[in-house]
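These are my notes from a pass through one model. I went through cysteines, backbone outliers and buried charges, in that order.

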Amino acid sequence: MEETSKIAVTYTPVYEKKVATSIQREFSRLEGQYYLDHAGATLYSDLQIKNVTEDLCNSLYGNPHSVGITGGITNDNIEQIRNRILNHFHTSSEEYNVIFTSGATQALKIIAETFSFTNSKNNEHRSTGDFIYTQDNHTSVLGMREVVSRRGAKVTCLSHKHAFQVLQRPVTSLNDDTTNNGSSLFVYPAECNFSALPADQIQSGALLVKNSSADVLEKVYYGGGTVDVSLSSEMFHVKRQNLCQRFEDGTVSFLSIISLQYGLDILSKITMKKISSHVFELAKYLYHSLLRLHHGNGAPVVKIYSDNNYEDSNVQGAIVTFNVLRSNGEYIGYMEVAHMAALFKIHLRTGCFCNPGACQRHLSLTNEEILQNYDAGYVCGGTADLISGKPTGAVRISFGYMSTIEDVETLLQMITKCFLSKSDENVLYVPKVHKEIKNEKYILNSSDTTKESEGKAWYSSILNGQRYFKSITSLKSNITVKRLFIYPIKSCAAFEITTSWNLNEKGLEYDREWMIMTSNGVCLTQKQQSNLCLIKPFISKEMQVIILTYPGMPSIQVPLKCTSSNYTNGEICQSRVCGQKVEGIDCGNDVSEWLSLAIGRPNLKLIQQSNREVKDKQKRGLYNPELSFSSQAQYLVLNEESISWLCSRINDTEDFNKDTVLHRFRGNIVLSNCKAFEEFSWKTIRIGNIKFQINGPCTRCQMICIDQTTGIKTVEPLRTLAEEFHGKLKFGIYLTKEIAKKGVLNIGDIVYCE
């Protein structure tokens with residue numbers, strides 16, 4: 001690594017300027033976006049969609065199982081696509097068959113369920129073969145293991161370095177079983193989706209079955225179109241002789257298959273050799289650029305997971321996987337990296353990428369550690385990125401033929417700006433809580449090294465809710481409610497309460513009572529549309545309306561009462577908020593058109609939570625407590641002093657206004673006269689005469705980086721929050737009212753905590 005850091009990193013373009021310009025034009029929707037998740041799902045071009053659309057609009061395709069002109073045309077097109085796929089892999093129908101599936105996972109499932117591991121000779125001897133797979137394999141391959149083991153195959157897992165030894169000797173030598181003459185199956189990834197370590201000796205793509213090996217696939221289930229004849233009253237059927245017809249149960253997705261030709265057309269214009277060289281050069285440039293990144297104290301900024309040095313495309317694919325490190329060597333959780341990447345409009349993937357074996361090998365995790373991580377809350381695809389200081393996954397960058405050097409440079413800029421420390425110090429920061437803790441042998445702002453170390457541990461335990469301040473009395477308190485906010489429309493601007501406000505069974509009255517829904521039924525939030533914060537609501541109880549304003553637009557009024565007779569449409573709409581199904585009433589065409597013009601997206605709807613949904617859920621006991629369209633809890637409390645403390649740690653920049661920080665955290669209740677971060681220690685809280693249960697801290701994401709007065713995204717305060725608290729992105733606490741009855745909150749209410 002030290003030698004690499006001394007070498008100048010240069011990027012050598014592969015595409016000619018004309019080709020690069022053409023590709024850029026075909027992906028105009030990527031302007032300002034940096035897509036780096038091609039191993040997850042690569043992108044389609046504008047021309048591809050245009051050609052597909054024209055084809056479907058100008059053609060009449062019927063079910064290929066139907067005898068007739070339309071069915072025949074469809075079937076001819078499907079067979080033409082089969083031949084093009086075979087040609088793409090430099091083979092033909094004389095040697096291979098193509099079976100269309102929904103994806104690689106279904107293809108693997110078919111093989112697991114139909115591969116015959118037993119052979120018989122003159123019905124005198126039957127033997128069972130082996131199922132052999134490598135550790136660096138997809139979860140879908142591990143699923144195969146479960147199926148074949150129940151079918152009698154002996155399962156063997158090989159490390160990568162032993163994989164090709166299997167190809168050089170009889171499989172039976174693995175088990176020292178010379179009587180084993182059954183058919184065996186060896187599963188090896190053509191390219192590891194964790195580290196992009198390719199196997200150039202093996203080709204893979206769609207489910208290609210070699211004709212000479214087709215007899216080892218013994219299919220039991222059959223669906224429509226896969227048999228020549230069957231009897232409904234007796235156990236009798238005859239499957240199709242044609243291999244692909246025998247395995248494609250039911251009607252294939254013929255419109256999608258026909259559309260494949262336009263993707264293949266694009267690949268025919270750019271040779272696969274050039275595409276391979278292009279993506280490898282990008283990966284190579286990123287790899288060496290990351291190795292050159294060092295903190296001010298000389299510590300590396302990233303740890304890359306690779307089996308080679310990215311100098312030979314024959315042994316390395318177009319993926320770079322890594323974790324980011326702090327200057328003191330601590331790992332930064334991949335969720336923190338993902339949040340910061342989102343601010344730069346970088347699309348990447350984090351976790352283990354459904355490849356637990358490769359993840360385990362590269363992260364040096366034992367089986368025991370993985371199970372301990374699971375017990376601690378880690379699940380595949382989850383957000384538990386660090387457990388006991390060790391990563392549970394990584395950050396993956398993967399390139400496609402349309403990727404550019406700008407994608408790489410933007411990623412490097414994000415890492416440099418958000419995670420590279422220019423200071424030469426290699427110490428942990430300890431927040432100064434200006435309070436001496438009774439019965440403790442240290443003071444947090446002590447200069448003593450030992451006490452400072454103990455203070456760090458104490459502060460960490462505060463964030464985890466393991467200790468609390470016992471000095472706060474329940475009889476006398478200086479803490480008061482300074483400000484109150486509601487957010488009538490989810491993800492839009494706040495409405496500030498200046499005196500008092502009613503509480504109902506869901507929280508503050510009218511808080512998150514409405515939401516904006518897209519044409520496909522998805523709740524629209526600032527994560528997708530940051531200018532939602534410019535929609536400002538005003539609640540007029542006298543007029544019984546909510547008045548909405550947006551810069552440059554006339555205002556519009558919407559009735560407060562949720563009844564279908566109030567609205568032009570009045571239809572019930574269903575959507576989801578944080579995975580939970582919600583229901584509301586369409587507030588009509590007028591506000592729909594207003595929102596679409598203001599936000600700049602067509603066919604938006606304003607949905608108000610229906611009373612029917614609330615009553616039905618109360619009757620069935622589904623909600624306890626009841627929630628509006630809020631994401632996590634009824635109330636979010638902020639501590640004014642915690643906000644001031646955070647602002648003091650943020651460096652002044654032109655694009656960041658510290659006066660907007662409070663609004664970025666979108667709290668309901670703002671308290672004054674607290675100590676900084678004292679709220680993390682509370683177990684219960686009473687505001688005035690109303691008791692609340694504390695549900696825990698609020699975990700933060702890139703939403704807090706949106707200036708709620710302009711809609712502009714900045715890297716602060718998320719970067720500082722993550723840096724100061726070592727990845728613990730928590731700020732503010734959630735509350736739930738203990739008794740489900742109405743009440744009133746007032747500005748100036750006394751707050752009692754313990």
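**Entry 1: cysteines**

I noted at the start that the model is predicted. I began with Cys359, which is buried at a relative accessible area of 2%. I then looked up its bonding: Cys359 is joined to Cys352 by a disulfide, with an S to S distance of 2.2 Å. The partner, Cys352, is buried as well, with a relative accessible area of 12%. I read the torsion about the S-S bond of Cys352 and Cys359 as about -45°, so I logged the disulfide as left-handed. I counted disulfides in the structure and found one.

Next I checked Cys380. Which cysteine sulfur is closest to that of Cys380? I found it in Cys354, at 4.4 Å, which is too far for a bond; the cut-off for a disulfide is 2.5 Å. Cys380 is exposed, and I wrote down a relative accessible area of 55%. I then turned to Cys533, which is in no disulfide; the nearest cysteine sulfur belongs to Cys492 and is 8.6 Å away. Cys533 counts as buried, at 0% relative accessibility.

**Entry 2: backbone**

I kept in mind that most peptide bonds are trans and that most residues other than glycine have a negative phi. I then listed exceptions.

I found a cis peptide bond between Glu716 and Pro717, with omega at about 5°. I placed Pro717 in the loop that runs between strand 33 (690-699) and helix 20 (718-724).

For Lys345, which is not a glycine, I read a positive phi of about 60°. Its loop lies between helix 11 (334-343) and strand 14 (346-347). Is Lys345 buried, partly exposed or exposed? I have it as partly exposed, at 38% relative accessibility.

Arg512 is not a glycine either, and I read its phi as positive, about 50°. I located Arg512 in the loop between strand 22 (507-508) and strand 23 (514-517). Arg512 is buried, with a relative accessible area of 13%.

**Entry 3: buried charges**

I looked at Lys737, which sits in strand 34 (residues 730-737). Lys737 is buried and has no salt bridge. How far away is the nearest side chain of opposite charge? I found Glu505 at 7.5 Å. I also pulled the contacts of Lys737 outside four places in sequence; among them are Leu503, Asn504, Tyr635, Phe692 and Lys742.

I then went to Arg664, which I placed in helix 19 (residues 661-664). Arg664 is also buried without a salt bridge, and the nearest side chain of opposite charge, Asp707, is 4.0 Å away. I noted that the printed 4.0 Å matches the salt-bridge cut-off of 4 Å as written, but I kept the entry as no salt bridge.

I asked which side chain makes a polar contact with that of Arg664. It is the side chain of Thr714, at 3.1 Å. The residues that Arg664 touches, leaving out those up to four places away in sequence, include Phe656, Met703, Cys705, Asp707 and Thr714. Glu716 and Pro717 are also among the residues touched by Arg664, and I had already logged that pair for its cis peptide bond.

Technical notes. Residues are numbered from 1 along each chain as its sequence is written. This is a predicted model: local features need pLDDT of at least 70, side-chain atom pairs count only at pLDDT 80 or more; totals for chains, interfaces and linings use all residues. Side-chain values use heavy atoms; hydrogens and water are left out. Buried means under 20% relative accessible area, exposed over 50%, partly exposed in between (1.4 Å probe, protein chains only). Helices (H or I, at least four residues) and strands (E, at least two) are DSSP runs, numbered from the N terminus. Lys and Arg count as positive and Asp and Glu as negative; His and the chain ends are not counted. Contact means heavy atoms within 4.5 Å. A polar contact is a pair of N or O atoms within 3.5 Å; within protein, one must be able to donate a hydrogen and the other to accept it, and residues adjacent in sequence count only if both atoms are side-chain atoms.
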